[in-house]
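Student: I've just opened this one and don't know where to start. Can we go through it together, one question at a time?

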Amino acid sequence: MEKEIVLTALREAFPADVLETSVSLGDPVAVIRPAALAEVMTFLKKEPWNFTMLLDATCLDFPERPERFEMVYHVFALDGARRLRVKASLPGEGAAIASLTGLWKNADWLEREIFDMFGVGFPGHPDLQRLFMYDGFEGHPLRKDYPLRKRQPRLPMRPES
Amino acid sequence: MTTRLQSRARPESLLLNMGPSHPAMHGTIRVMLELDGERILNSEVEVGYLHRGFEKTCEHRTWFNLLIYTDRLNYVSPLINNLGYVMAVEKLLGLEIPERAQWIRVLMSELSRVSDHLTCLAAMAMECGAFTAFLYKMKAREFLWDVIEQTTGARMTTSYVRVGGVRADLHPDFEAAVRRGVDETRRVLKDVRGLLDKNTIFLGRTRDIAVMTPENAVSYGWTGPCLRSTGVAYDVRRAQPYLTYDRVAFDIPVGERGDNFDRYLVRMREMEQSLRIIEQCLKPLVRTSRAPAGLEPAEAIRAARDRKPEGPVRLSPNLEGSEKDVYPEIMASAKEAVIPPKEDAYTTIEGLIAHFKHFMKGHGLRPPKGEAYCAVEGGNGELGFYIVSDGSDRPYRLHLRAPCFHIVAALEELIRGRYVADVIPTFGSMNMIGGELDR
């Protein structure tokens, strides 16, 4: 299988860090240890894999699991239009994972969005602030324990700066 | 609260706010500029003014009900958004859809793409002072939306593409409408190219301004016309053909310099290719016969009290095109995924129960446990839906990969060192769509 070649290569290059590989509905998926994210991504971006594009990054919240958050990255190689999904689970308390801003420029906004919506930290990010919500917003709206219709308190008027 | 720009600015620079409500910012977005005279030293883009919690809302709506929210993402080409979501769900379900429905989807996608590009370029031209070009393009868009309205019943919030197929068959007169739309659009494209391609004012504001290199574009995750303007010929329709895109002939126009003008030109040439695809869709779609009119629904219900009424039941006009005899061609046959034909719901107990169960809480559409990422070529680039299903009647998580999110992320870099006036055509050529960016 063409799609499994990259998974086999990943398992060989990072025997301790790649926890699980599979092909899910036609897309290869690799589950890795979060500590190895930067190395794995650097490996994938380089020759011969050429996953030069970070298509998307997002997060999933499973409140009942001990490893509450699951980061999901989609990388893409322009030659052959190959896709790969890389996942890593993070603990609920103080969830943080290495920033990919050094590898891809759009990681900046993607990570700000995840920080905003899930409260996952990205050590190494140059300016980790909320992206969509305003300063002073409390909580992280895409977490499962954030109620759909929760109201936020009004902010005091800002002093003229 | 000081912004990053305020805290880092030199004390002698002028700080200027563009937006969130600015005539040249289509959509609410705030660009803060640090200026030295007219020159931009630094900038900061603030987004989120149109954030409506799309992803959170979707987690609380059933698979069927959340379709209408996808209309409101890229509101200029809602049919492609519908398609992206529906195809991701179909990937989870493993549904095969009938060929006619596939062709209809291709036709509708291309109509939407042309109207999307027309809107983007119209706004861009208007902001550069070319009001004539704006009006011409808006006129062409109306003809295309006439086709869409005729079949789907709505101009923008269509919700036409459904899981398993499309909501209704094409309107019987669609061919004439499509041909008129294509002809009018061709004429407008020719006129607009004549007005803008060698126009000194337009060239002065777009040529060699905000140049993006291919490497940078890839690093920012650019896709669609903006990526192709830098010379990278990546198009989802060609790289991973979905629906019947492998059976139509079209070229992928690419640019050379990656500046504002190339982004304009690639869109112009892409519209010509889309019109080509639209014309190729006509042949497999043309149908001559039309379902005969039948019993009135009330009459049929009354008759059904005694025994099953003979002959077809006439549907209300807003269900036109989804009659039972065309259903197999526009909808998949998988009973667990699609709504039964309305005639069955009116006249048979099985149809009524199936219809009822489809919309009942906890029943209806329930894709199996799993996750799927499905990408289609949207107006702005790769529109991807990442959906996680836990087997229930609503998605566990639905994430949209919005193409213009990645494109607008590069704005700060593109306008650095340029003049204030360059922000306008640069921003215009990106085709920022608030509904899609902020979700």
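Student: Is Y85(B) buried or exposed?
Tutor: Buried means under 20% relative accessible area, exposed over 50%, and partly exposed in between, with a 1.4 Å probe and protein chains only as cover. Y85(B) has a relative accessible area of 0%, so the word for Y85(B) is buried.

Student: What kind of model am I looking at, and how should I read the labels?
Tutor: Residues count from 1 along each chain as its sequence is written, while chains are lettered from A and ligands numbered from 1 in the order written. Side-chain values use heavy atoms, without hydrogens and water; local features need pLDDT of at least 70, side-chain atom pairs count only at pLDDT 80 or more, and totals for chains, interfaces and linings use all residues, since the model is predicted.

Student: How many residues are in the largest nonpolar core?
Tutor: A nonpolar core is a set of buried Ala, Val, Leu, Ile, Met, Phe, Trp, Tyr and Cys residues joined through side-chain atoms within 4.5 Å. Those with the most contacts inside the largest one include Y85(B), F385(B) and M41(A), and its size is 186 residues.

Student: Which helix gives this core its largest share?
Tutor: Helices here are DSSP runs of H or I with at least four residues, strands are E runs of at least two, and both are numbered from the N terminus. The largest share is 13 residues, and it comes from chain B, residues 99-127, helix α5.

Student: How many aromatic pairs does the structure hold?
Tutor: Rings of Phe, Tyr and Trp (its six-membered ring) pair if their centres lie within 6.5 Å; planes under 30 degrees apart are stacked, over 60 edge-to-face, and the rest tilted. Over all chains, the number of pairs is 16.

Student: What type of pair do F132(A) and F405(B) make?
Tutor: Their ring centres are 6.2 Å apart and the planes stand at 70 degrees, so they are edge-to-face. This pair crosses between chains, from the segment after α3 of chain A to helix α17 of chain B. Both residues are buried. To repeat the type, 70 degrees makes it edge-to-face.

Student: Which residue joins F132(A) and F405(B) in one aromatic cluster?
Tutor: The cluster holds both of those rings plus one from chain A. That residue is W109(A).

Student: How far apart in sequence are Y85(B) and F385(B)?
Tutor: With ring centres 6.1 Å apart and planes at 65 degrees, this pair is edge-to-face. Y85(B) sits in helix α4 and F385(B) in strand β7, both of chain B, and the gap is 300 residues.

Student: How many salt bridges are there over all chains?
Tutor: A salt bridge is a side-chain nitrogen of Lys or Arg within 4 Å of a carboxyl oxygen of Asp or Glu. By that rule, the count is 41.

Student: What is the N to O distance between E55(B) and R397(B)?
Tutor: Both residues are buried. Their side chains meet in a salt bridge, and the distance is 3.0 Å.

Student: How many residues apart in sequence are the parts tied by R186(B) and E279(B)?
Tutor: These two form a salt bridge, with the closest N and O atoms 3.2 Å apart. R186(B) lies in helix α7 and E279(B) in helix α12 of chain B, so the parts tied together are separated in sequence by 93 residues.
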